[in-house]
Amino acid sequence: MSESRLDLSNIDTTLFQQPDAARLLTPERASHAPRFLLLYGSLRERSYSRLAAEEAARILRALGGETRMFNPSGLPLVDDAPADHPKVQELHALTQWAEGMVWCSPERHGAMTGLMKTQIDWIPLSVGAVRPTQGKTLAVMQVSGGSQSFNAVNQMRVLGRWMRMLTIPNQSSVAKAYQEFDETGRMKPSAYYDRIADVMEELVKFTLLTRDASPYLVDRYSERKESAEALSKRMKQEAI
């Protein structure tokens, strides 16, 4: 054990681990297509957040990914229905299936929409011993009716960090979204479209880079310590 580690008097050295490059760069790589769940934040018939998410999904599939999109219509407010509600269960299943996510919200009153927040709030921080979002990648996008803004994407970044996701550096904000889609709902060529392509390309790369090592990436000293203490306490109780 190095002298520097012995100087950490508050550390349990039996649980304190130096990073293991072999575990980060595991030679066993998954071969299946990276899996992405896309959420959008408006139920309007011509929802620009949905249209932008659909364009993102097309790009993800072209980059070799598999995509699924959650339709939030019928999703109840948090605490206004049990967790076994069919729409909640659908969202939970998709969250556990996904290796990465795209959140795309309109900006309304300077913030993400309530519908977007409801979807995120229904995603549990833990299911048994499993955290459905921990270590998974996230890309954030927003659409605005007026000039370009970043309020919604900034809020979603905070939520992604809270849910222990690996939020990629790039992001997309589409201003005056009503001008950016044709009558069929497809996005017109523009710098905004190019940015969405950039974000999805980055999301796929980060997902391929981290998905095999994500359990190790989010393995924490404090949680190892807590687990060891809980195990020790249980064993003492069983011995009595």
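The mean positions of the 30 positive and 29 negative charges of the protein lie 1 Å apart, with Lys and Arg taken as positive and Asp and Glu as negative, His and the chain ends being left uncounted, and each charge placed at NZ of Lys, CZ of Arg, CG of Asp or CD of Glu. The model is predicted, and local features need pLDDT of at least 70, side-chain atom pairs count only at pLDDT 80 or more, and totals for chains, interfaces and linings use all residues. Residues are numbered from 1 along each chain as its sequence is written, and side-chain values use heavy atoms, without hydrogens and water.

Nine helices and seven strands make up the secondary structure (DSSP runs numbered from the N terminus; helices H or I, at least four residues; strands E, at least two). Buried residues (under 20% relative accessible area, 1.4 Å probe, protein chains only) account for 45% of the 240 residues.

The largest nonpolar core (buried Ala, Val, Leu, Ile, Met, Phe, Trp, Tyr and Cys residues joined through side-chain atoms within 4.5 Å) has 25 residues. Strand S1 (35–40), helix H3 (48–62), strand S3 (100–108), strand S5 (137–143) and helix H7 (191–210) each supply at least two residues of this core, and H3 gives the most, with seven. Apart from this core lies another of 24 residues, among them Phe-70 and Met-101.

Leu-77 is located in the loop between strand S2 (66–69) and helix H4 (86–97). Leu-77 counts as exposed (over 50%) because its relative accessibility is 55%. Leaving aside neighbours within four places in sequence, Leu-77 is in contact (heavy atoms within 4.5 Å) with Thr-118 and Trp-122.
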